[in-house]
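Subject: Structure handover

Hello,

Here is the structure I promised to pass on. My notes follow below it.

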Amino acid sequence: MTECVPSNTDLSTPVHQTMAAAESSPLTTHVLNTGDGVPAARMALSLHRLDTNTMIWNMLNVGTTDQDGRCPGLISRDAFTSGTYKLRFETGQYWKSLGQTSFYPYAEVVFTISDPQQRFHIPLIMSRFSYSTYRGS
Amino acid sequence: MSMAGPVSPLSTHVLNTAMGVPGSNMSLSLHRQDPSTEAWSLITTGTTNEDGRCPGLISKQMFVPGVYKMRFETGQYWETIGESSFYPYVEIVFIIKDPGQRYHVPLLLSRFSYSTYRGS
């Protein structure tokens, strides 16, 4: 099962440390395929933060959703600072891998984190011709 | 920006679902991606009317197949009515294969959620 690995994780450390980072990510997502009524498994996604000096997006992490449409370990508590973030979901690739076309080549959700002490849940509820998102916890 | 004459084959409608009103006076822009450079070109800018709509987004001649982006200045919109919002803006990227059809790309929006769908 693939899992998001935080970019600041030392890959030589024991697996249980990665799992701990995964469980405590203050930012989580969940992708649901409402067209088929299933979690969207094996969807590639990436997390980015905007550098406000250069106005360039820095990629923080890439991953793939698991069988439940989730991607644990998106970011560590230490790395989760205030700022403008973007979650990019490779929805077009996902539908293509199921042999379907889609109206959207990808879906990007840009959001502002003012209080990184909170937990933030950014789900993507999607079909081939629609998607929605909300701020959960 | 609004056109006299043929109706734009691409339309939008912004709805403020939190307050149950159209999302009026919201700035938005339409862009098309250059397939070779992947750079975005601005096609139109506009502001939604009292009904949350923005007529005349694009002419039939300019509406060629390609990858388009609608950018909605949602953060500015909420700020204008004195509220904060989770999203500084919303961008919807979509593929037009058959410009002979009509496409409706609405945005249903609250401070902490949004949704869109392909309509006609």
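The side chains of Arg49(A) and Tyr85(A) share a polar contact of 3.1 Å (a pair of N or O atoms within 3.5 Å; within protein, one must be able to donate a hydrogen and the other to accept it, and residues adjacent in sequence count only if both atoms are side-chain atoms). This is a predicted model: local features need pLDDT of at least 70, side-chain atom pairs count only at pLDDT 80 or more, and totals for chains, interfaces and linings use all residues. Residues are numbered from 1 along each chain as its sequence is written, chains are lettered from A and ligands numbered from 1 in the order written, and side-chain values use heavy atoms, without hydrogens and water.

Arg49(A) sits in strand β3 (residues 44-51) of chain A. Strands are DSSP runs of E, at least two residues, numbered from the N terminus. Arg49(A) is buried (under 20% relative accessible area, 1.4 Å probe, protein chains only). It has no salt bridge (a side-chain nitrogen of Lys or Arg within 4 Å of a carboxyl oxygen of Asp or Glu). The nearest side chain of opposite charge is Asp51(A), 8.3 Å away. Lys and Arg count as positive, Asp and Glu as negative; His and the chain ends are not counted.

Ala41(A) is in the loop between β2 (38-39) and β3 of chain A. It counts as buried because its relative accessibility is 17%. Ala41(A) and Pro123(A) are 82 residues apart in sequence, and 13 Å apart in space, C-alpha to C-alpha.

Best wishes

How values were computed: Helix = DSSP H or I, 4+ residues; strand = E, 2+ residues; numbered from the N terminus. Buried < 20%, exposed > 50% of the residue type's maximum accessible area, 1.4 Å probe, protein only.
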